[in-house]
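Visitor: Please choose one part of this model for a close look, begin with a single side chain, and then work outward to its surroundings.

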Amino acid sequence: MDEHDYVYQLRPLIVPGLMFLILYPLIMGSVHFLRKLPIMELRVLIGIYVVSGLGILALWVIGKSKHVQIEEGQIVFQSLLGEHILEPKDIRRVAFYFDGKGQEVAQIRTNDEFYYVSEFYFPFPELMSDLENFIQRYGLRSNLQSYVGLNK
């Protein structure tokens, strides 16, 4: 099995945040111009804008660093927050399902943690194929048979 590196897609997270950062000053500026907000309210609104901007920047940096690698004998989740290496003996169950928005999700359960792989990782079809091959190669417990039946 070749090692593949799957990266996290940022567009669904960052585009709405950037739209907020562009529209917020326009709306607040027009409200302030029409109503002359007191200085305290204006400072609170500016604080909200700065905190939101820093939050979006933090999401971008953390999201940019997220990777999943399926290597020979292990699955590696990496980000700035750390690296988690899952070996077949650590994995209790892998569940495939569709969330409320119809997006495909794989849930990897260990003894005390859950790891999720969703369509935000690119290229997702290859990731799912590698994950299915990993499950079959190491005989992991999963709902793969019933999941494949749902996709037909």
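Guide: R137 is a suitable starting point: with a relative accessibility of 45%, R137 counts as partly exposed, a class that lies between buried (under 20% relative accessible area) and exposed (over 50%), computed with a 1.4 Å probe on protein chains only. The model is predicted, so local features need pLDDT of at least 70 and side-chain atom pairs count only at pLDDT 80 or more, while totals for chains, interfaces and linings use all residues. Residues are numbered from 1 along each chain as its sequence is written, and side-chain values use heavy atoms, with hydrogens and water left out.

The partner of R137 is E72: the two form a salt bridge whose closest N and O atoms are 3.7 Å apart. This pair ties together parts that are 65 residues apart in sequence, because E72 lies in the loop between β2 (67-71) and β3 (74-79) whereas R137 belongs to helix α3 (residues 124-138). Helices (H or I, at least four residues) and strands (E, at least two) are DSSP runs numbered from the N terminus. E72 is likewise partly exposed, at 49% relative accessibility. A salt bridge here means a side-chain nitrogen of Lys or Arg within 4 Å of a carboxyl oxygen of Asp or Glu, and the count by this rule is three.

The remaining bridges involve K89. K89 meets E87 at 3.9 Å, N to O, and meets D90 at 3.4 Å, N to O. E87, K89 and D90 are thereby joined into one network through shared partners. K89 is exposed, at 68% relative accessibility, whereas E87 and D90 are partly exposed, with relative accessible areas of 30% and 25%.

Strand β5 (residues 93-98) contains R93, a residue that is partly exposed at a relative accessible area of 30%. Leaving aside residues up to four places away in sequence, R93 touches Q107, I108, R109, R141, S142 and N143; contact means heavy atoms within 4.5 Å. R93 lies 27 Å from I62 in space, C-alpha to C-alpha, with their positions 31 residues apart in sequence. In strand β4 (residues 82-86) one finds G82, which is partly exposed at 26% relative accessible area. The C-alpha atoms of G82 and V44 are 34 Å apart, and the two residues are 38 apart in sequence.

Next come the two helices of the N-terminal part of the numbering. The axes of helix α1 (residues 11-35) and helix α2 (residues 39-64) come within 10 Å and cross at roughly 170°. The axes are lines fitted to C-alpha atoms, for helices over the stretch in contact, and angles run from 0 to 180 degrees between N-to-C directions. The pair α1 and α2 is therefore roughly antiparallel, the class for angles over 145 degrees, with under 35 being roughly parallel, 65 to 115 roughly perpendicular and the rest oblique. On the α1 side the contact is made by I14, G17, F20, L21, Y24, P25, M28 and H32, and on the α2 side by L42, L45, I48, Y49, S52, G53, I56 and W60. By class, this contact has twelve nonpolar, four polar and no charged residues; Ala, Val, Leu, Ile, Met, Phe, Trp, Tyr, Cys and Pro count as nonpolar, Asp, Glu, Lys and Arg as charged, and the others, Gly among them, as polar.

Helix α2 has 26 residues and reaches 37 Å from its first C-alpha to its last, close to the expected 38 Å; the expected span is 1.5 Å times one less than the number of residues. G53, I56 and G63 of α2 are buried, and the buried residues of α2 pack against β1 (4-8) and α1.

Two backbone details complete the view. Most residues other than glycine have a negative phi, and most peptide bonds are trans. K36, in the loop between α1 and α2, has a positive phi of about 55° although it is not a glycine, and K36 counts as exposed at 60% relative accessibility. A cis peptide bond, with omega about -10°, joins F122 and P123, and P123 is in the loop between β8 (121-122) and α3.
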